[in-house]
Amino acid sequence: MHRRLYGPDHEAYRETVREFLSREVVPHQHDWNEARWIDRAVFSRAAKAGIYGLQIGEEYGGSGEPDYRYRMVVCEETARIHAYSLGLTVSLQDDLVLHYLLDLTNEEQRRRWLPGFATGEIIGALAMTEPGTGSDLRGIRTTARREGDCWILNGQKTFISSGVMADLVVVAARTGNSGGSHDLSLFVVERDTPGFERGRKLDKIGLPAQDTAELYFRDAEVPAANLIGEEGNGLQYLMSHLPRERLGVTAMAFANTRAIFETTVEYCKQRRAFGAPLTDKQHVRFELAEMATEIDIVQSYVDQSVLAFNAGELTPVDAAKGKWFVSELQKRVVDRCLQLHGGYGYMTEYPVARAYLDTRPQTIYGGTTEIMKEIIGRDVVA
């Protein structure tokens, strides 16, 4: 299907991204996965090449380019080389942390943090999830109390992507006890903050190079100047930024789905069984036909979501629809593609085997499928 989402500038940018990934990522992916760690230097080179952080204003060292289609190009090209761990880390910067820093900070804070993001020297993380508190943001128990020129944070976060690598973490903490919607606030906690500790790097079944950590705050002394936005508005800020986060998950899920499907089509053309290519079998062609149709139909929704976001019109409900449906489609397609690979699909040297593990959390992080359906269902019956 011909895709009309992009213009000549986006396709020129695609060549830049593809060349960068070929030079700086492809030769190192295996080593990063083995080490369970991405070399930090690649982020400085990526930022210099304009691979992420494009929306940072020129006055802070960025390009001031808000068009999400460039972000989509990065998703597609990263998926094409099956660099899932890197892709998730870049998404964490562009679709989560940076969005909070651009929207909620004052001028002093922007000058303090954005230039480092623009050069890739600062890596960020977002800390919402706690033991026993996942999608229920009202259940956050980490507390922050004001003492003079500091906020004292106490609590624990878990499943924090880039939690070990991060130089600063946007932390949601409870600053009130009214039981209402104004109990949470957001703070930027920097690497060397007294009382801020990293726990263990968590051992996941997939995404080995993308570090995920536990974080602890034991009377952590956070300067008052590191409160972002207004005290008590944290829940509203978290909710208002979810469409961008969920669009990011949708974009990655769709790009990775198409990449694995295309890899599988080529495999089926070349793999011979009973004296002929797999594609000579009607059942195989039917399987490919079904997946191709689903992917093309979903592409229309994804592209419209990107354009709606650019126009400031992507609603939380529409973002939730894309997030759950595309991530669930990804699960189905990757599973069917692995089956078409036969025994080879279970071998980690094949991209489909790695994808089977690496893409599994897509229906969990950014809000589970069940939570997405609840959001949509409430809207339907309202």
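A polar contact is here a pair of N or O atoms within 3.5 Å, where within protein one atom must be able to donate a hydrogen and the other to accept it, and where residues adjacent in sequence count only if both atoms are side-chain atoms. By this rule, 13 residue pairs (both at pLDDT 80 or more) are in polar contact across the interface of domain 1 and domain 2.

The structure is a predicted model, in which local features need pLDDT of at least 70 and side-chain atom pairs count only at pLDDT 80 or more, while totals for chains, interfaces and linings use all residues. Residues are numbered from 1 along each chain as its sequence is written, and side-chain values use heavy atoms, with hydrogens and water left out.

**Domains and annotations**

The domain assignment, whose bounds come from an automatic or database source, divides the protein chain into domain 1 (8–119), domain 2 (124–233) and domain 3 (236–381). UniProt, in an unreviewed entry, annotates two features, and its positions are given in the numbering used here, with feature names shortened and annotations that may be inferred rather than shown by experiment. Helices (H or I, at least four residues) and strands (E, at least two) are DSSP runs, numbered from the N terminus.

| UniProt feature (unreviewed entry) | Residues | Helix | Strand | Distance between end C-alpha atoms |
|---|---|---|---|---|
| domain: Acyl-CoA dehydrogenase/oxidase N-terminal | 8–121 | 69% | 0% | 31 Å |
| domain: Acyl-CoA dehydrogenase/oxidase C-terminal | 232–380 | 75% | 3% | 29 Å |

**Where domain 1 meets domain 2**

The C-alpha centres of domain 1 and domain 2 lie 23 Å apart, and their contact, meaning heavy atoms within 4.5 Å, takes 24 residues from domain 1 and 27 residues from domain 2. The buried area, which is the accessible area (1.4 Å probe) that two parts lose on being put together, summed over both, is about 2,200 Å² between these domains, with carbon and sulfur atoms giving 64% of it. Of the area that domain 1 buries against domain 2, Arg36, Trp37 and Trp113 supply 28%, more than any other three residues.

The interface of domain 1 and domain 2 also holds two salt bridges, a salt bridge being a side-chain nitrogen of Lys or Arg within 4 Å of a carboxyl oxygen of Asp or Glu. On the side of domain 1 that touches domain 2, α2 (29–35), α5 (84–104) and α6 (107–119) each supply at least two residues, and α5 gives the largest share, 11 residues.

**Salt bridges and one strand residue**

Side chains of opposite charge can pair when their charged atoms come close. The structure holds 30 salt bridges, and in one of them the side chains of Glu77 and Arg14 meet at 2.9 Å, N to O. This pair links distant parts of the chain, with Glu77 in helix α4 (residues 68–80) and Arg14 in helix α1 (residues 8–24), 63 residues apart. Arg40 and Asp167 likewise form a salt bridge through their side chains (2.7 Å, N to O).

Ser161 belongs to strand β3 (residues 150–161), and, leaving aside its neighbours within four places in sequence, Ser161 is in contact with Leu92, Ala125, Gln210, Asp211 and Thr212.
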